[in-house]
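Me: I have a structure open and would like to talk through its surface, its rings and its charged pairs. Could you go through it with me?

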Amino acid sequence: MQGILYEEVSIWQFLFITCVLGGWTAWRTGKSVAEGWEELPRLFVYVALLGLGIRFVHHALFEGTMFSLHYYIVDTVVLLLFATVGFRYYRTKQMTNNYYWLYEKASPFSWKAK
């Protein structure tokens with residue numbers, strides 16, 4: 001998997017920077033976009049910028065390549081997964097709490113009409 005998903009010596013560096021730090025930040029970004037009643041295109045813009053930030057952290061801490069399109073796409077896709085899950089979770093919570101007479105939770109990530 002080295003060379004495909006990550007360029008560092010150890011997968012633990014990729015998991016810590018991209019999945020833990022970046023994933024938590026992406027989750028919070030999804031939460032913020034959902035709570036601001038924004039839509040998914042705004043989330044995509046924020047995650048694209050966050051992907052650049054995560055590439056910089058890889059570069060600054062582990063001497064990874066800063067401007068590698070391949071690893072930028074990998075990092076951004078992972079971040080987009082976390083951000084979208086956070087967005088759907090909080091949007092569902094928002095819809096079912098604010099419009100409790102109209103909607104109920106169908107799952108942690110979706111709602112349905114009562």
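Me: Let's start with Y99: is it buried, partly exposed or exposed?
Reply: Y99 counts as partly exposed, at 32% relative accessibility, and please keep in mind that this is a predicted model. Y99 is found in the loop between α3 and β1, the latter covering residues 103–107.

Me: Which surface patch does Y99 belong to?
Reply: Y99 is part of a nonpolar patch on the surface that also holds W37, Y100, W101 and L102, and together these residues have about 560 Å² of accessible area.

Me: How are the rings of Y100 and W101 arranged?
Reply: I'll come to that after another pair, as the structure holds eight aromatic pairs. One of them joins W27 and Y89 in a tilted arrangement, with 5.8 Å from centre to centre and 40° between the planes. W27 lies in helix α1 (residues 11–35) and Y89 in helix α3 (residues 69–98), so this pair ties together parts that are 62 residues apart in sequence. Y100 and W101, in turn, form an edge-to-face pair, their centres 5.3 Å apart and their planes at 90°.

Me: And how accessible are those four residues?
Reply: W27 is partly exposed at a relative accessible area of 25%, and Y89 is likewise partly exposed, at 28%. Y100 is exposed, with 53%, and W101 is exposed as well, with 52%.

Me: Which residues make up a cluster with W27?
Reply: W27, Y89, Y90 and F109 form one aromatic cluster. Y90 also has a charged neighbour, since K31 lies over the face of its ring, at 5.1 Å from the ring centre.

Me: Switching to charges, how many salt bridges are there?
Reply: The count comes to four salt bridges. Among them is the one between D75 and R55, whose closest N and O atoms are 2.9 Å apart. This pair links distant parts of the chain, with D75 in helix α3 and R55 in helix α2 (residues 40–62), 20 residues apart.

Me: Are D75 and R55 buried or exposed?
Reply: D75 counts as buried, at 1% relative accessibility, and R55 counts as buried too, at 2%.

Me: What about R42, which residue does it pair with?
Reply: The side chain of R42 meets that of E38 in a salt bridge, at 3.8 Å from N to O. R42 counts as partly exposed at 38% relative accessibility, and E38 is also partly exposed, with a relative accessible area of 29%.

Me: Where does K112 come in?
Reply: K112 forms a salt bridge with E104 through their side chains, the N to O distance being 3.7 Å. K112 is partly exposed, with 43% relative accessible area, while E104 counts as partly exposed at 31%.

Me: Stepping back, what is the order of helices and strands along the protein chain?
Reply: The protein chain has three helices and two strands, which follow the pattern α-α-α-β-β when read along the sequence. Its C-alpha atoms fill a box of roughly 55 × 25 × 20 Å along the principal axes.

Me: And what share of the residues is buried?
Reply: Buried residues make up 32% of the 114 residues in the protein chain. The accessible surface comes to about 7000 Å², and 68% of that belongs to carbon and sulfur atoms. As for contacts between residues at least 6 apart in sequence, 58% of them join residues at least 24 apart.

How values were computed:
Residues numbered from 1 in each chain as written. Predicted model: local features only at pLDDT ≥ 70, side-chain atom pairs only at ≥ 80, totals over all residues. Heavy atoms only, no water. Phe/Tyr/Trp six-rings, centres within 6.5 Å; stacked < 30°, edge-to-face > 60°. Helix = DSSP H or I, 4+ residues; strand = E, 2+ residues; numbered from the N terminus. Buried < 20%, exposed > 50% of the residue type's maximum accessible area, 1.4 Å probe, protein only. Lys NZ or Arg CZ within 6 Å of the ring centre and 35° of its normal. Patch = residues over 30% accessible without salt bridge, like charges linked within 9 Å, V, L, I, M, F, W, Y side chains within 5 Å. Areas by Shrake-Rupley, 256 points an atom, 1.4 Å probe, with all protein chains shown as cover. Contact = heavy atoms within 4.5 Å.
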